[in-house]
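Trainee: Please take a close look at a single part of this model and tell me how it fits with what lies around it. I would like the cut-offs behind each term as well.

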Amino acid sequence: MSLFKARDWWAAVLGEGDEFNQVCLCVGDVDNSGSGHDKIVVGSYMGMLRPSPAHSQLLEVQLRDPVIQVEVGKFVSCSDLLHLAVLHPRKLSVYSISGTAGNVEHWVQYQLKRVYEHNLQRTACNMTSGTFGGVTGNTSHEQLKHLTSRQVESYRYETLAVATDAETRQDAEQHSRTADWTLVLGEQALDLSVTSFSPSSSSIFVCGKRNLYCLKDNGHIRFMKKLEYKPSCFLPYSSVSEGTTNTLVSNHNNMLLVYQDVTLKQMFQPPHRDLKSVVVTLSNEGHLQCSYMGTDPSFFSTPKVDAREQDYSQIDTEMKSLQRVIRQATRTQAGRTRTDEDLTVTATVSTNMDCTSVNTHTHTHTHKQTH
């Protein structure tokens, strides 16, 4: 069992009777405050959108459509600011969140403004974003999706753009079927994530029902980890070891497991102070929690022992004395002898007694032992 455990720092319950999934949560400086503090963005199937830092809430917006997934990134080509992408069943919307100082000191009013949206031809399941194709700065969109055929497909942005501009539905479907690469998983993909921890290459992580995949940007498998449990969600992040990636995986037993590539490093179970890094978790019932990895403090203090200098000559003399006693006892035990001396006692009954009398002869032995 790992010494490290997840310690509660802050927690809140969102909504009542609302529903969430593993990708309804994202973290980032979505309002571009520049303070270095990230905000927590939570969406729900009821269409509620809640961007907030810990301990407070920026705003709460009721959208018309259910929220399937939320992501923070540079989704506007003409801006270096972070924006919020919200995936609905039939459309993708990109919003900006900004704060305006109010009349009251230390009070800021936040607003959610829609920048643009894309209508989808099919019902969406999830999405991912990243710097594909060597693009730096702004995030280019590529769609990786898992289908009923249990495979991952990658489409270039140009292909999707041509399909969108197609005049007929038949031409759009023809263009949309032109995948850059396809990988058959053989199982349902629960979540997708694209990481670019190295400037030279990016990785595509796929969390399946029984396996964790790490793919190159060309669709080739970099490594695969077979899981002995059913995962609920995962989060890749940078590792302290060069050339490796850490992945935080959660399962349905409320356990969090930390992998370095395919090696399990830590496992702990989530149960107040300023922290630079925390683990943000969201349950299906809307329990939002910030935890940090720590250990139980020990209140037991070892009593002080009076230190004294050791007299090694005295210890040596005492050791030799004990060895002599042991050798003497061993020789005595081996040379021990036994001498038996018998003492016989005889009793005779007179013949003049009546007939009911019985002659008795007693023979007694005693043993005397000498050393």
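Mentor: Let us begin with Asn32, which counts as partly exposed because its relative accessibility is 29%; on this scale, buried means under 20% relative accessible area, exposed means over 50%, and partly exposed lies in between, with a 1.4 Å probe and protein chains only. The model is predicted, so local features need pLDDT of at least 70 and side-chain atom pairs count only at pLDDT 80 or more, while totals for chains, interfaces and linings use all residues. Residues are numbered from 1 along each chain as its sequence is written, and side-chain values use heavy atoms, with hydrogens and water left out.

Asn32 sits in the loop between S2 and S3, and its phi is near 55°, a positive value in a residue other than glycine. Strands here are DSSP runs of E with at least two residues, numbered from the N terminus. On either side of this loop, S2 and strand S3 (residues 39-43) pair in the antiparallel sense over four bridges, where pairing requires that DSSP find at least two bridges between two strands. One partnership is that of Val27 with Ile40, which lies in S3. These strands belong to an open sheet of four strands, ordered S2-S3-S4-S5 with antiparallel pairing, whose edge strands, S2 (25-28) and S5 (61-62), each pair on one side only.

For comparison, Asp261 also has a positive phi, of about 60°, although it is not a glycine, and its place is in the loop between strand S19 (256-260) and strand S20 (263-268). Asp261, however, counts as buried because its relative accessibility is 19%.

As for the wider setting, the largest nonpolar core has 14 residues, and Val41, Leu49, Val70, Leu84 and Val86 have the most contacts inside it; such a core is a set of buried Ala, Val, Leu, Ile, Met, Phe, Trp, Tyr and Cys residues joined through side-chain atoms within 4.5 Å. Strands S6 (69-73), S7 (83-87) and S8 (91-101) are the elements that give two or more residues to this core. A second, separate core of twelve residues includes Phe205, Cys207, Leu212 and Met255.

A word on confidence is in order: the mean pLDDT (the predictor's confidence in each residue, from 0 to 100) is 76 for the protein, with 68% of its residues reaching 70 or more. Over residues 137-144 pLDDT stays under 50, and there the model has 38 contacts beyond four places in sequence, a contact being heavy atoms within 4.5 Å.
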